[in-house]
Amino acid sequence: MPHYHRVGSIPHKRHTQFRKPDGGLYSEQLFSTEGFSSHYSLLYHIHPPTVIIRTEPPTDIAPKAATENILKHRSYQGFKVKPEADFIKSKKVVLFNNDVHIALAAPTKGLEGNVFYKNADSDEVIFIHEGTGVLKTQYGNLKFAYGDYLVIPRGTIYQIEFNDENNRLLIVDSFSPISFPKRYLSRYGQLLEHAPFCERDIRQPEDLQTIDEKGSYLINVKKKGLLYPIWYGTHPFDVVGWDGYEYPYALSIHDFEPITGRVHQPPPVHQTFDAHNFVICSFVPRMYDYHPRSVPAPYNHSNIDSDEVLYYVDGEFMSRKHVERGMITLHPAGIPHGPHPGAVEKSIGQTETKELAVMIDTFHPLQMTQEALDIEDENYVMSWAE
Ligand SMILES: [Fe+2]
């Protein structure tokens, strides 16, 4: 839910004649993800965005459940996912339900040249754990680096370029629009004073490069779990200008200002994004609770109505043992969890944490794929037994 932005050339009035230097009309396109009931942008193309020249049969890329045993604490070694050159194939969904897919990827190459991607199913939040590069879209470019969340509305045609082969991504596909928590927004959508970040932290697309080219351009479109190769006769990045509220943006986890207190603060203080039936939270370096008798370690809790997925990014994790970068823990709804033995006592007197993690809490149970089972640490479920 970013704010109004305007890039390039647009006509003074929407839906009026907007002509090219040769006298022809630019093609106006309204882009929205919730019909005409919410945010939208208006884009102006040199060519109509509709010129399909070839289609091929789709491929099934929908995640498949590999087990029915979902009532078990699990841990996955995310960095064991093998690097792969094909950006689209490198995305390995590990956990999923009808609201959200959680994937890991280690692409060694991006999407360049005449190949593009469009997720017509879901908004994407790409968390950059390792890697730097540029996300290229019809709206302009977004440079990214370690710690960035790239939020890409469904339907955005994009390419991605990495500066080298060492890239580690956590990708969240949301089947509802990604927004900010409502309690942080004014009636008209401004981020309020008590929000942990504000508009200045949101990076908008820049360096709009208009490519006026005809040829053969492959847009891989994901829809209902199938990937459709659709070839267009004009370059999709032929936009001369656009304005509106709907566009990809970046927000760095390092710009998330933690909310702390005298006693342990509940997980919602870490919430960064909101979606239908799940949330995304950022655990960032922060001062610990400062009541003289405070217990910095979290209390045990019976998360009876949400599955908790924690993706460990960097730093020390006070409440867990054997944590590695890129590790995921899944604490499913239905069985309580809490700090590992000794962690509570050890936390007392500590003043700060350097932990950095992304949490995804889902309100419906998650299932796991074979890719998840392949990188599972089988002993995790017993790790609370002394
Ligand atoms: Fe928890």
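Two cavities of 30 Å³ or more are counted in this structure, which is a predicted model. Rolling a probe the size of a water molecule over the atoms shows where empty space is left. The largest cavity holds about 60 Å³ of space. Its lining consists of Phe87, Ile88, Lys91, Tyr117, Glu124, Tyr158 and Ile171. Sorted by class, five of these residues are nonpolar and two are charged, with no polar residue present.

The largest pocket encloses about 610 Å³. Its lining comprises 25 residues, and those nearest the pocket centre are Ile61, Ile88, Lys89, Lys91 and Leu227. The classes of the two linings are set out below.

| Space | Nonpolar | Polar | Charged |
|---|---|---|---|
| Largest cavity | five residues | no residues | two residues |
| Largest pocket | 11 residues | four residues | 10 residues |

Several secondary-structure elements contribute to the pocket. At least two lining residues come from each of β5 (59-60), α1 (87-90), β7 (92-96), β9 (115-119), β17 (214-223) and β18 (226-234). Strand β17 provides the largest share, with three residues.

The surface carries a nonpolar patch formed by Leu30, Phe36 and Tyr40. Together these three residues present about 330 Å² of accessible area. Tyr40 belongs to strand β3, which spans residues 40-45. Is Tyr40 buried, partly exposed or exposed? Tyr40 counts as partly exposed because its relative accessibility is 31%, and the partly exposed class lies between the limits of 20% and 50%.

Technical notes. Residues are numbered from 1 along each chain as its sequence is written. This is a predicted model: local features need pLDDT of at least 70, side-chain atom pairs count only at pLDDT 80 or more; totals for chains, interfaces and linings use all residues. Side-chain values use heavy atoms; hydrogens and water are left out. Patches are made of residues with over 30% relative accessible area and no salt bridge: like charges are joined within 9 Å, nonpolar side chains (Val, Leu, Ile, Met, Phe, Trp, Tyr) within 5 Å. Accessible areas come from the Shrake-Rupley method with a 1.4 Å probe; for residues, only the protein chains shown count as cover. A salt bridge is a side-chain nitrogen of Lys or Arg within 4 Å of a carboxyl oxygen of Asp or Glu. Helices (H or I, at least four residues) and strands (E, at least two) are DSSP runs, numbered from the N terminus. Buried means under 20% relative accessible area, exposed over 50%, partly exposed in between (1.4 Å probe, protein chains only). On a 1 Å grid over the protein atoms alone, a cavity is a set of points where a 1.4 Å probe fits but cannot get out, and a pocket is an open set with protein on both sides within 12 Å along at least five of seven lines; lining residues have an atom within 4 Å of a point. Grid points are joined across faces, edges and corners, and a volume is the space filled by probe spheres set on the points. Ala, Val, Leu, Ile, Met, Phe, Trp, Tyr, Cys and Pro count as nonpolar, Asp, Glu, Lys and Arg as charged, and the others, Gly among them, as polar.
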